[in-house]
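Please open the model in your viewer and keep a selection panel at hand. The tour proceeds from the whole chain to its interior and then to an annotated segment.

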Amino acid sequence: MTTTTPMTMPEIERRIRKSIAPEQLRQWLTLKPMRAYRDISLDWLAIGLGFAIAAQFQTLWSYAIALLIIGNRQYALFILAHDAIHGALHPHRRLNDTLARWFVYGPMFMALEDARRNHLQHHRHMGTPDDPDRYLHTFEGKNSPLAFLLYCSGLATFGKTVLKVTPFGRLLTPTPKTGATPPQTLLKDYLKQRLPVLIWQPLLIWLFWLSPLPIWAYLLLWVFPIYALVFVPDEIRAFCDHGVLRHPASVGDSLRLVSFTPPRWEAVLIAPHHMHYHAEHHLWPAIPHYNLHLAHRGVRDRPEITVRPSYLGFLGRVVRSLPLTAKTAVVSAK
Ligand SMILES: [Zn+2]
Ligand SMILES: [Zn+2]
């Protein structure tokens with residue numbers, strides 16, 4: 001009897017990439033510089049509209065609507081910055097980075113360098129124990145309905161995820177030593193990378209102070225949505241986009257190329273700016289979000305890729321299947 005070892009994720013990705021004609025790929029990879037400005041401006045305009053609604057009416061319902069609009073568009077901006085991590089926001093690399101630093105990460109307490117360091121490691125090692133995001137994808141620590149719901153609240157992973165994208169993350173995934181760096185240089189780099197945060201946050205507080213809104217609205221309408229409508233949906237999306245109903249986790253590692261074709265409202269809330277075409281994104285991270293649907297058409301029928309129709313449907317199926325054991329593991333990856 002012969003047994004075949006399943007292909008590793010890098011081998012699977014290589015095989016799919018090879019099946020695409022260079023001419024077609026070139027078309028998918030074409031960036032539209034104006035699209036970056038349009039996307040960023042529209043998301044910020046919606047955020048402005050949210051603030052205007054809250055300031056105009058100053059009632060419970062207007063605060064609730066404002067919170068939803070602002071948080072959801074913060075998330076949309078966060079996804080645009082994800083394109084920037086891969087150089088897919090704007091063809092001019094410096095401008096690409098500047099847009100992400102000053103119009104996304106700074107206002108949201110983050111730094112491009114931290115996000116990029118972690119995320120590129122995720123791309124490199126996805127489907128292996130070396131993936132720094134693996135704790136999001138497997139059922140370790142969430143293999144019961146209650147533990148899974150706690151995960152979906154964001155509370156179980158907040159500390160670890162935040163730590164990962166701060167300078168302390170370097171302690172978790174040490175980079176090879178390239179000679180001693182003087183402490184002054186480290187401090188200078190640290191401050192330079194966080195300059196957008198250091199400028200944006202006092203500026204935002206000042207704008208709230210000038211506005212008709214109470215000053216605590218900065219916490220309610222700006223800081224809290226970053227947790228509730230950026231961090232939480234992104235943790236849920238990351239699980240859905242790589243989670244597989246197999247136990248133990250290693251059995252599912254060749255099945256972690258997943259895309260969703262969700263209803264529009266799910267896409268807006270959980271995966272704005274086409275983030276639900278995640279398998280295509282892993283295959284060619286430099287494809288801008290607005291071309292991912294073309295790549296999807298090119299690879300959606302491949303057996304190595306799982307296409308799921310709904311985030312909510314998948315989450316429901318996960319809750320009903322828990323706890324997973326080697327015996328009860330669901331065979332279908334969809
Ligand atoms: Zn991923
Ligand atoms: Zn990516």
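How many helices and strands make up the secondary structure of the protein chain? Colour this predicted model by secondary structure: the protein chain has 16 helices and two strands. Its radius of gyration is 21 Å, close to the 20 Å that the globule rule gives for 334 residues, so the chain is as compact as a globular protein of that length.

Next, orient the view along the principal axes, where the C-alpha atoms occupy a box of roughly 75 × 50 × 40 Å. Colouring by burial marks 36% of the 334 residues as buried. A contact map adds the sequence perspective: among contacts with a separation of 6 or more, 68% join residues 24 or more positions apart.

Now select Phe78, Leu80, Ala81, Ala100, Val104 and Tyr105. Within the largest nonpolar core, which has 59 residues, these six touch the most other members. Add helix α4, residues 60-85, which supplies the largest share of this core with nine residues. Then centre on Val104. Beyond its neighbours within four places in sequence, Val104 is in contact with Leu77, Phe78, Leu80 and Ala81.

Apart from the largest core lies another one, of eight residues; select Ile47, Leu67, Ile69 and Leu221, which are among them.

Finally, select residues 44-70, listed by UniProt in an unreviewed entry as "transmembrane region". In the model this segment is 93% helix and 0% strand. A distance monitor between its end C-alpha atoms gives 9 Å.

Definitions and conventions
Residues numbered from 1 in each chain as written. Chains lettered and ligands numbered in written order. Predicted model: local features only at pLDDT ≥ 70, side-chain atom pairs only at ≥ 80, totals over all residues. Core = buried A, V, L, I, M, F, W, Y, C linked by C-beta atoms within 7 Å. Buried ≥ 20, exposed ≤ 12 C-beta atoms within 10 Å, placed from the backbone. Helix = DSSP H or I, 4+ residues; strand = E, 2+ residues; numbered from the N terminus. Contact = placed C-beta atoms within 7 Å. UniProt positions renumbered as here; feature names shortened; annotations may be inferred. Rg over C-alpha atoms; globule rule 2.2 N^0.38 Å.
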